[in-house]
Amino acid sequence: MKAILYILCFCFVSVSIAQETILEPVDVENTSKKDPVYEYLLQHYKPISDKEPIPSDGVVDCGFTQTFENGLSYEKRNCADAYLASGEVLTVTNPDRTSIVKWVESLNAIFTEHKGHNGWNFDQSEYRPLSNVPGAFFEIYRYKNSTSILVMSGC
């Protein structure tokens, strides 16, 4: 009986480790510049929680967080005094690193009509305008089992 239990546990762990979350590229034609990350999530994933408000500083609505299927969580920030003054954060559990890079590049197409305005830094932790042009700024935070993508629009 113990042997069967060990085998089942090993199989479960192997399958869960092997399944990486792959983000499909953003549909530029059907996604607006206003909260494009949230719009993307609503188009592709089912919410599994309600919107949870971020505690306010007493003056303004500071945004919300929400969890989606496939180990995705979203945060929208509007607070003027917070670490992240305004922007969107997508956190992906067990991400496929290649799909993250492609997803960021596809989302960037919403903010600029000309290719080549943004570029990656040496370790692909930032994707930002290479010159003084409108666009979006992306920061990638990689952790052991997740990746967070901060999206701030410069438009």
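## Charges, rings and strands

Trainee: What is the relative accessible area of Arg128?

Mentor: We are working with a predicted model. Partly exposed covers the range between 20% and 50%. Arg128 belongs to that class because its relative accessible area is 39%.

Trainee: Which residue meets Arg128 in a salt bridge?

Mentor: The N to O distance of this pair is 3.5 Å, and a salt bridge needs a distance within 4 Å. The partner counts as partly exposed, at 21% relative accessibility. That partner is Glu126.

Trainee: Which residues are joined into one network by salt bridges that share partners?

Mentor: Start with Lys34 and Asp35, whose closest N and O atoms are 3.5 Å apart. Asp35 also forms a salt bridge with Lys76, at 2.9 Å. The salt bridges share partners, and the network is made of Lys34, Asp35 and Lys76.

Trainee: How many residues apart are Asp35 and Lys76?

Mentor: Their salt bridge has its closest N and O atoms 2.9 Å apart. Asp35 sits in the loop between α1 (2-18) and α2 (36-44), while Lys76 belongs to strand β3 (residues 72-77). The pair therefore links distant parts of the chain, with a separation of 41 residues.

Trainee: Lys34 and Lys76 both bridge to Asp35; which lysine is buried?

Mentor: Buried means under 20% relative accessible area, and exposed means over 50%. Lys34 has 62%, so Lys34 is exposed. Asp35, at 22%, counts as partly exposed. A value of 15% makes the other lysine buried, and that is Lys76.

Trainee: How many salt bridges does a search of the whole structure find?

Mentor: We have met Lys34 with Asp35, Asp35 with Lys76 and Arg128 with Glu126. These are among the salt bridges of the structure, and the search puts the total at four.

Trainee: Now the rings: what is the geometry of the aromatic pair Tyr38 and Phe68?

Mentor: The structure holds eight aromatic pairs. For Tyr38 and Phe68 the centres are 6.1 Å apart and the planes make an angle of 75 degrees. An angle over 60 degrees gives the class, so the pair is edge-to-face.

Trainee: Which strand does the pair of Tyr38 and Phe68 tie to helix α2?

Mentor: Both Tyr38 and Phe68 are buried. Tyr38 lies in helix α2, and the pair ties together parts that are 30 residues apart in sequence because Phe68 lies in strand β2 (residues 63-68).

Trainee: What is the class of the aromatic pair Tyr38 and Tyr74?

Mentor: Both rings are buried, Tyr38 with 13% relative accessible area and Tyr74 with 2%. Their centres are 4.9 Å apart. The angle of 40 degrees lies between the cut-offs of 30 and 60, so the pair is tilted.

Trainee: Which residues form one aromatic cluster with Tyr38?

Mentor: Phe68 and Tyr74 each pair with Tyr38. Another ring of the cluster has Lys51 over its face, at 4.6 Å from the ring centre. Along with Tyr38, the cluster holds Phe68, Tyr74 and Phe64.

Trainee: Which strands stand at the edges of the sheet?

Mentor: Eight strands form an open sheet in the order β1-β2-β3-β4-β8-β7-β6-β5, with antiparallel pairing. Two strands have a single partner each, so one side of each is left without a neighbour in the sheet. These are β1 (52-53) and β5.

Trainee: Which residue in β4 is the bridge partner of Lys76?

Mentor: The antiparallel strands β3 and β4 are joined by six bridges. Lys76 has its bridge partner in β4, namely Glu88.

Trainee: And which residue in β3 is the bridge partner of Gln66?

Mentor: β2 and β3 also run antiparallel, joined by six bridges. Their hairpin has three residues between the strands, and Asn70 takes a positive phi near 65 degrees there. Across from Gln66, the bridge partner in β3 is Tyr74.

Trainee: What is the distance between the end C-alpha atoms of helix α3 (residues 97-108)?

Mentor: Several residues of α3 are buried, including Ile100, Trp103 and Leu107. The buried residues of α3 pack against α2 and several strands, among them β4 (87-93) and β8 (146-153). At 1.5 Å a residue, the twelve residues should span 16 Å. That agrees with the distance between the end C-alpha atoms, which is 17 Å.

Note on methods: Residues are numbered from 1 along each chain as its sequence is written. This is a predicted model: local features need pLDDT of at least 70, side-chain atom pairs count only at pLDDT 80 or more; totals for chains, interfaces and linings use all residues. Side-chain values use heavy atoms; hydrogens and water are left out. A salt bridge is a side-chain nitrogen of Lys or Arg within 4 Å of a carboxyl oxygen of Asp or Glu. Buried means under 20% relative accessible area, exposed over 50%, partly exposed in between (1.4 Å probe, protein chains only). Helices (H or I, at least four residues) and strands (E, at least two) are DSSP runs, numbered from the N terminus. The expected span of a helix is 1.5 Å times one less than its number of residues. Contact means heavy atoms within 4.5 Å. Rings of Phe, Tyr and Trp (its six-membered ring) pair if their centres lie within 6.5 Å; planes under 30 degrees apart count as stacked, over 60 as edge-to-face and the rest as tilted. A charge sits over a ring if NZ of Lys or CZ of Arg is within 6 Å of the ring centre and within 35 degrees of the ring normal. Two strands pair if DSSP finds at least two bridges between them.
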